[in-house]
Amino acid sequence: MTVPDSSASGPQAPDGPQAPDGPQAPDGRAGHEGPAGADAASAPFAPAGGPVRLDGPWTHRDVAANGARFHIAEMGEGPLVLLLHGFPQFWWTWRHQLPALAEAGFRAVAMDLRGVGGSDRTPRGYDPANLALDITGVVRSLGEPDAALVGHDMGGYLAWTAAVMRPKLVRRLVVSSMPHPRRWRSSMLSDFAQSRAGSYIWGFQRPWVPERQLVADDAALVARLISDWAGPGKADFPDEAALDVYRRAMSIPSTAHCSIEPYRWMVRSLARPDGIQFNRRMKRPVRVPTLHLHGSLDPAVRTRSSAGSGEYVEAPYRWRLFDGLGHFPHEEDPAGFSAELINWLKDSEPDR
């Protein structure tokens, strides 16, 4: 049983103050296509499809995979590039990369992960193995033989996992602001500085309290986290309009709980058989070309934690550090990030 999708109506969080309602779409599950040639950076602020199905040059629709329904926004034609968001965001974090990839000759698809945005909020299934199957299931549902996975933060953690679990469905791998899962585990347990930087993850282990904190005061904590994690040198990100979009999306009922559940599994399973088995499974090397991106001033995931993830890759691996950027390089410097991504995707022989 899934929680009904609330993406097209104004958020009415039961465990926190309500966020202001926007214009409502007549059908929350109907695809909504923005005007051709719309400015991708500005059009989404008119929420004709509610807090999730935001206007732009992309098309919205739902696809079924792994026993659930997933909302996607897509643009372009060509080889599939599947974009995976992190916390505390949703598909819209890729609003700059969608048109850039489409213009470069790719089929760009940004999906909402299970429990977030316009996707189904299921009562269970938030362990990384199952979430990775969601991703590869979406690839199959889109009728593609494989995809280049581009993941940020939690989306990057799941992209690493999918590349190990279903290597035939992953053509290339791009991870931003997230170390390999085994590297993440060792850093959180043995590096005090990283454990302190990731203190919010330890705080998520409390029952009920984190959910209430995330949606309190119209999800003010979401705006605070994004602002704190962004690099200090980019005054134009985040702006209040963008923060309001993320706050509205988090205020959709059950989203806060579902967003936290993967982090609860990551910590609570450390000494459990399922967590130990997952950690052993991730010993298998990644055997697809991998681009690893990171902001030099990321306060949530330290550079030292991510560096060294290449030891788990038995394929061409490229490490790229963005000077002066924080946890959101794809939003803090969208042009630079998109150029790095597209040039690497088009490189027929990526270097190690």
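Which residue lies over the face of W92? R95 occupies this position, at 3.8 Å from the ring centre; a charge is taken to sit over a ring if NZ of Lys or CZ of Arg is within 6 Å of the ring centre and within 35 degrees of the ring normal. The model is predicted, so that local features need pLDDT of at least 70 and side-chain atom pairs count only at pLDDT 80 or more, while totals for chains, interfaces and linings use all residues. Residues are numbered from 1 along each chain as its sequence is written, and side-chain values use heavy atoms, with hydrogens and water left out.

W92 also belongs to a cluster in which ring pairs link W58, F90, W91, W92 and Y246. Rings of Phe, Tyr and Trp (its six-membered ring) pair if their centres lie within 6.5 Å, and planes under 30 degrees apart count as stacked, over 60 as edge-to-face and the rest as tilted. In the whole structure, 16 aromatic pairs are found. One of these, formed by Y157 and W184, is edge-to-face, with 6.1 Å centre to centre and 85° between the planes. Because Y157 lies in helix α3 and W184 in helix α4 (residues 181–190), the pair ties together parts that are 27 residues apart in sequence. Helices (H or I, at least four residues) and strands (E, at least two) are DSSP runs, numbered from the N terminus. Y157 counts as buried at 4% relative accessibility, as does W184 at 7%; buried means under 20% relative accessible area, exposed over 50% and partly exposed in between (1.4 Å probe, protein chains only). F322 and F337 form a stacked pair, at 6.1 Å centre to centre and 25° between the planes. A further charge placement involves R172, which lies over the face of W344 at 4.9 Å from the ring centre.

Strand β5 (residues 147–152) is largely enclosed by the rest of the structure, because six of its six residues are buried. A147, L149 and G151 point one way from β5, whereas A148, V150 and H152 point the other way. Two strands pair if DSSP finds at least two bridges between them. β5 pairs in the parallel sense with strand β3 (residues 80–84) over four bridges, and V81 stands opposite A148. Parallel pairing also joins β5 to strand β6 (residues 170–176), over six bridges, with V150 opposite V174.
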